[in-house]
Every structure is written in structure tokens, then in C-alpha cells.
Amino acid sequence: MYKLAVVLALVSCAVARVPYSRVRATPWKDCGSTNIVINNVVMEGCSGSPCVLVKGTNETVTITFTPKEAFTDLTNKLYGLIGGVPVPFPLPQADACKLGVTCPMAAGTEYVETIVLYIESAWPDIQVIGEWKINDPSGTTVGCFEVPLKLSG
């Protein structure tokens with residue numbers, strides 16, 4: 001039965017000409033991107049808002065973006081906005097060139113980066129806005145998106 005549902009979903013996407021990745025997209029909003037366009041954000045297993053992250057597990061995040069200008073590299077930063085205050089969340093790897101992006105990056109070319117985050121068991125059960133920033137080599141934020149998150153477990 002499950003296989004049939006998956007096949008029907010894929011066929012529906014093909015008939016409607018909607019990319020499968022867009023169907024599974026995580027609810028997000030741009031928060032001031034300037035020199036890149038965030039095309040899509042997918043957090044594995046998350047299609048609702050807030051996105052529930054279970055402590056003690058891994059979460060795979062896939063970001064699809066298109067630079068408006070050429071970049072030698074880009075760096076990711078993740079913050080939890082708690083009461084409007086950005087609290088940094090550690091990333092195991094922040095360099096986009098080590099997350100599946102071919103560097104240097106050309107303007108107008110779509111790139112995909114994938115990062116696996118471990119959701120620490122010691123983190124509190126809390127609901128936050130996850131703010132993901134993508135910075136150029138000078139440290140200037142060129143891309144930004146927000147995702148409502150709920151840590152539980």
C-alpha cells in the first residue's frame with residue numbers, strides 16, 4: 001500500500017509538472033538575501049510548521065540556491081532566534097565547498113548543498129526561529145532564510 005502511495009505521488013508530480021523536491025519543501029521564508037537566490041530548502045521529514053527536530057537524532061538539510069554573482073566560496077551560519085536574540089547553533093561543517101557545492105561558483109548557476117546536523121540531547125525543549133545565513137568570503141551575509149523549529153525529545 002505504501003509503495004502504491006509513493007508511486008501515485010510521483011506520478012501526480014510528473015503529470016502536474018511540479019518538481020518532487022518542491023512538493024517536500026520545508027516551510028521557510030527569505031530574511032534578506034541579497035546576492036544569492038534561495039530556491040528551495042528541504043529538511044528531511046519536515047513539511048509542516050514548526051519543523052519538529054527530535055533531540056538525539058540527525059537532521060539532513062538540503063539548500064538549493066543560485067548566486068547572482070561569482071563566489072570563490074560561501075560559509076553557512078545557523079542561529080536560533082530566542083526572544084529576538086540570535087543564539088549560534090554549531091554546524092559540523094560550514095564551508096559550502098565541502099557540502100557538495102562546486103567552487104568557485106558562477107553567477108546564474110544553481111547549486112545544492114547538503115548538511116547533516118546532529119540535534120543534541122542536551123539542548124532544551126524549545127520553539128525557536130532557525131535563521132540560516134550564507135556569508136561571502138568577507139563575512140557579509142548574501143543569503144538568509146528562516147524556518148520555525150521545535151526541539152523536542
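This dialogue goes through the disulfides, the nonpolar core and the aromatic pairs of a predicted model.

Student: What should I know before reading the model?

Tutor: It is a predicted model, where local features need pLDDT of at least 70, side-chain atom pairs count only at pLDDT 80 or more, and totals for chains, interfaces and linings use all residues. Residues are numbered from 1 along each chain as its sequence is written, and side-chain values use heavy atoms, with hydrogens and water left out.

Student: How many disulfides does a search of the whole structure find?

Tutor: The definition comes first: a disulfide is a pair of cysteine sulfur atoms within 2.5 Å. The search of the whole structure finds three. Counting bonded cysteines along the chain, the pattern is 1-6, 2-3, 4-5.

Student: Which parts does the pair of Cys31 and Cys144 tie together?

Tutor: Helices (H or I, at least four residues) and strands (E, at least two) are DSSP runs, numbered from the N terminus. The sulfur atoms of Cys31 and Cys144 are 1.8 Å apart. Cys31 lies in the loop between strand E1 (29-30) and strand E2 (36-43), and Cys144 lies in strand E9 (residues 141-152), so the disulfide ties together parts that are 113 residues apart in sequence. The link is left-handed, with -80° about the S-S bond.

Student: Is Cys144 buried or exposed?

Tutor: Use relative accessible area: buried is under 20%, exposed is over 50%, and partly exposed is in between (1.4 Å probe, protein chains only). Cys144 has 2% and counts as buried. Cys31 has 25% and counts as partly exposed.

Student: What about the disulfides of Cys46 and Cys97?

Tutor: Cys46 is joined to Cys51, S to S 2.4 Å. Both of these cysteines are buried. Cys97 pairs with Cys103, with sulfur atoms 1.9 Å apart. That link is left-handed too, at -95° about the S-S bond. Cys97 is partly exposed at 26%, and Cys103 is partly exposed at 28%.

Student: Which residues touch the most other members of the largest nonpolar core?

Tutor: A nonpolar core is a set of buried Ala, Val, Leu, Ile, Met, Phe, Trp, Tyr and Cys residues joined through side-chain atoms within 4.5 Å. The largest one here has 32 residues, and Met43, Phe65, Leu74, Leu117, Trp132 and Leu149 touch the most other members. Elements giving two or more residues include E2, strand E4 (58-67) and strand E8 (126-135). E9 gives the most, with five residues.

Student: What does Met43 touch?

Tutor: Contact means heavy atoms within 4.5 Å. Leaving out residues up to four places away in sequence, Met43 has contacts that include Cys51, Leu53, Val61, Val147 and Leu149.

Student: How do I read an aromatic pair?

Tutor: A pair of aromatic rings is described by the distance of the centres and the angle of the planes. Rings of Phe, Tyr and Trp (its six-membered ring) pair if their centres lie within 6.5 Å; planes under 30 degrees apart are stacked, over 60 edge-to-face, and the rest tilted. A search of the whole structure finds four pairs. Trp28 and Phe145 are edge-to-face, 6.1 Å centre to centre with 75° between the planes. Trp28 lies in the loop between helix H2 (20-23) and E1, and Phe145 in strand E9, so this pair ties together parts that are 117 residues apart in sequence.

Student: Which arrangement do Trp132 and Phe145 form, stacked or edge-to-face?

Tutor: They are stacked, at 5.8 Å centre to centre and 10° between the planes. Both Trp132 and Phe145 are buried, whereas Trp28 is partly exposed at 26%. Trp28, Trp132 and Phe145 form one aromatic cluster.
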